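Dear colleague,

I am handing over the structure below, and my notes on what was found in it follow underneath. Please read the two side by side.

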Amino acid sequence: MPRLKQNVPLASQVADQLRHRITGGEFPVGALLPTEHELAQELGVSRNSVREGIRSLVHAGLLGARAGYGTFVVATSDLAPTLARRLEHDRAADVAEVRLLLEREGARLAAIRATPSQHRRLTEAIAARRAATSGPSYAAADIAFHQLLLEASGNVLLAELYRGTGGNEQALLHLNSADVDWPATVPGLAEIDAAHAAIVDAVIAGDPSAAAAAAEHTVRLAHEQAGL
C-alpha cells in the first residue's frame, strides 16, 4: 500500500488510492467496498477522511451507495459516468447507432477472444432470459447478457464505453414494472430470443462475421420494439 503524502488532503489521497484499486481490477463493477472503519484502519486515516474520499468518487460516478447495503463500484473509470452525462443531451437515434456499433464489434471480438468459461456464462444468460416470468426479470437477464457479451470481447475500454452509453437499458425501460403485461408487451419475443441465441452460437463457434451480423440483427429488433 503506498504511503500517504504530506501536504495533500487525506480525503483526496483516499479517493486516489481507491480509484487506482478500482481501475486496477481489485474492485470490479458491482463489488462492495470494505466498510469505512475497515478502510480507515487499512489506510491509517480517520473515518471522516475515508467518508469524504468515498463521497467524491460517488459524485464522480465511480461508486454508488445504498443504505443497509454499502458502497459499491458503479464504473471502473471516470469515462462511463462522464459519457452517460453527455448522452443525456444527445438525440436518441444517435445514441442507438453508437450502441449498435459497440455491440456489433463486441460480438465480433467475443467470437475471437471469449474463453470457455465465458461461453458457459453466455449460455446460462440465454437460459435466464428464456426463463424470465416477468418484465423486470426479463430486463435484468437481458442487461446481464449484453454486459457479459461486451466483457467477453476482451476489450475493457469497449465494455466501459458500452456501460457509458447505458447499454441496452433504455430500450428495456418499458418492461421495468411489476404491472407490465408480460409477455404481451414484447410481441416479437420469440424472434428476439432466437437472435440472441444466434449471437452465442456464433461466439462459441468462433465465427466473428456471424457474431457481428447476429448482434446487429438483435439490436435492430430491440430498437424496433422501442420505437427507435
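To begin with the whole chain, the protein has 228 residues, of which 43% count as buried. Please keep in mind throughout that this is a predicted model. The mean pLDDT of the protein is 82, and 79% of its residues reach 70 or more. That confidence is unevenly spread, since helix 4 (residues 79-87) has the lowest mean, 63, while helix 6 (residues 116-131) has the highest, 93.

As to the fold, the protein contains 10 helices and 2 strands, and their order along the sequence is α-α-α-β-β-α-α-α-α-α-α-α. If one takes the contacts between residues at least 6 apart in sequence, 68% of them join residues at least 24 apart. The accessible surface comes to about 11,900 Å², and carbon and sulfur atoms account for 54% of it.

Helix 7 and the loop that follows

Leu 149, which belongs to helix 7 (residues 135-151), is a buried residue because its relative accessible area is 0%, and the cut-off for burial is under 20%. Setting aside residues up to four places away in sequence, Leu 149 touches Glu 103, Gly 106, Ala 107, Ala 110, Leu 122, Ile 199 and Val 203. Its C-alpha atom also lies 9.8 Å from that of Ala 125, a residue 24 places away in sequence.

Ser 153 is located in the loop between helix 7 and helix 8 (156-164), and Ser 153 is likewise buried, with a relative accessible area of 0%. Beyond its neighbours within four places in sequence, Ser 153 contacts Gly 106, Leu 109, Ala 110, Arg 113 and Leu 158. Gly 106 and Ala 110 thus appear among the contacts of Leu 149 and among those of Ser 153.

Thr 115 sits in another loop, the one between helix 5 (92-113) and helix 6, and at 34% relative accessibility Thr 115 counts as partly exposed. The C-alpha atoms of Thr 115 and Ala 152 are separated by 7.6 Å, although the two residues are 37 apart along the chain.

Helix 9

Does the length of helix 9 agree with, or depart from, the span expected at 1.5 Å a residue? The 17 residues of helix 9 (residues 189-205) should span 24 Å, and the end C-alpha atoms are 24 Å apart, so the two values agree. The buried residues of helix 9 are Leu 189, Ile 192, Asp 193, Ala 195, His 196, Ala 197, Ile 199, Val 200, Ala 202 and Val 203; of these, Ile 199 and Val 203 are touched by Leu 149. In an α-helix there are 3.6 residues a turn, so residues three or four places apart point the same way. Just after helix 9, Gly 206 adopts a positive phi of about 70°.

The aromatic pair

A search of the whole structure returned 1 aromatic pair. The pair is formed by Tyr 69 and Phe 72, in an edge-to-face arrangement with 5.8 Å from centre to centre and 70° between the planes. Is each of these partners buried or partly exposed? Tyr 69 counts as partly exposed because its relative accessibility is 41%, whereas Phe 72 counts as buried because its value is 16%. Tyr 69 has a further partner in Arg 66, whose charged end sits over the ring of Tyr 69 at 4.7 Å from its centre.

With kind regards

How values were computed: Residues are numbered from 1 along each chain as its sequence is written. This is a predicted model: local features need pLDDT of at least 70, side-chain atom pairs count only at pLDDT 80 or more; totals for chains, interfaces and linings use all residues. Side-chain values use heavy atoms; hydrogens and water are left out. Rings of Phe, Tyr and Trp (its six-membered ring) pair if their centres lie within 6.5 Å; planes under 30 degrees apart count as stacked, over 60 as edge-to-face and the rest as tilted. Buried means under 20% relative accessible area, exposed over 50%, partly exposed in between (1.4 Å probe, protein chains only). A charge sits over a ring if NZ of Lys or CZ of Arg is within 6 Å of the ring centre and within 35 degrees of the ring normal. Helices (H or I, at least four residues) and strands (E, at least two) are DSSP runs, numbered from the N terminus. Contact means heavy atoms within 4.5 Å. Accessible areas come from the Shrake-Rupley method with a 1.4 Å probe; for residues, only the protein chains shown count as cover. pLDDT is the predictor's confidence in each residue, from 0 to 100. The expected span of a helix is 1.5 Å times one less than its number of residues.
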